[in-house]
Amino acid sequence: MNTPTSDQLDQFAHALGELLRSARRERGWTRKQMRAAMCVGDDELSLQTLASYELGTRRLSVERLIEVCAVLKKQPDELLRRATTLAFSGHYGTRITVDLLGLAHTTDPRLRPLRRWAQVRTQQSPAERALVEELDATALSAMADIAAITEYDLVKALQELRIPHDPIRLADAISPAL
């Protein structure tokens, strides 16, 4: 990996914050409950500081990350790996290509809320147009909210959709019989 740019580091902080927020919500905690579980005084860790970690506007020290992960029952190396994947492998803050045909026919329950959108998009596509859609970070975020999963999990699920298109399946996808 090359030396990260300032923008990439910002993307990393945002991705890590999103993962921390998701982990806190998985536990059903408010920030106040999380701070109480960390057994730190009000002056040591404010609610505003926790919010800034989750928004990615403040960087966490390694020590603080380990403390936060311990209380959230998450492995720091796993969260760092996921945040690194989001920030540095081209899937976060950039565009991702979605296989509309794969999404329209998916049986993945995580993507069920997005199937109808893909079905409509494939029906609207002219026959000569590839059945893919380019999504930016804003669209990914909105779709993740609709599907009620993290952006990281959405990107991974969409990557798993990549399937070879055969002419028969392509014709079926474009027909109004969906």
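Helices here are DSSP runs of H or I at least four residues long, and strands are E runs of at least two, numbered from the N terminus. You're looking at a predicted model, where local features need pLDDT of at least 70, side-chain atom pairs count only at pLDDT 80 or more, and totals for chains, interfaces and linings use all residues. Residues are numbered from 1 along each chain as its sequence is written, and side-chain values use heavy atoms, with hydrogens and water left out.

Let's start at the end of helix α4: right after it comes Lys73, with a positive phi near 60 degrees. The helix itself spans residues 62-72, and its buried residues are Arg64, Leu65, Val68, Cys69, Val71 and Leu72. (Buried means under 20% relative accessible area, exposed over 50%, and partly exposed in between, with a 1.4 Å probe and protein chains only.) These residues sit on the same side of α4 because they cover an arc of only 165 degrees around the axis, taken from the directions from the helix axis to the C-beta atoms. Turned away from that buried side is a face with the exposed residues Val62 and Glu63.

So what covers the buried residues of α4? The cover includes α1 (6-26), α2 (31-37), α3 (47-55) and α5 (76-88).

Now for the largest nonpolar core, which has 22 residues; Leu16, Leu20, Met34 and Leu72 have the most contacts inside it. Such a core is a set of buried Ala, Val, Leu, Ile, Met, Phe, Trp, Tyr and Cys residues joined through side-chain atoms within 4.5 Å. α1 gives the largest share, six residues. Leaving aside neighbours within four places in sequence, Leu16 is in contact (heavy atoms within 4.5 Å) with Leu60, Leu65, Leu79, Leu80 and Ala83.
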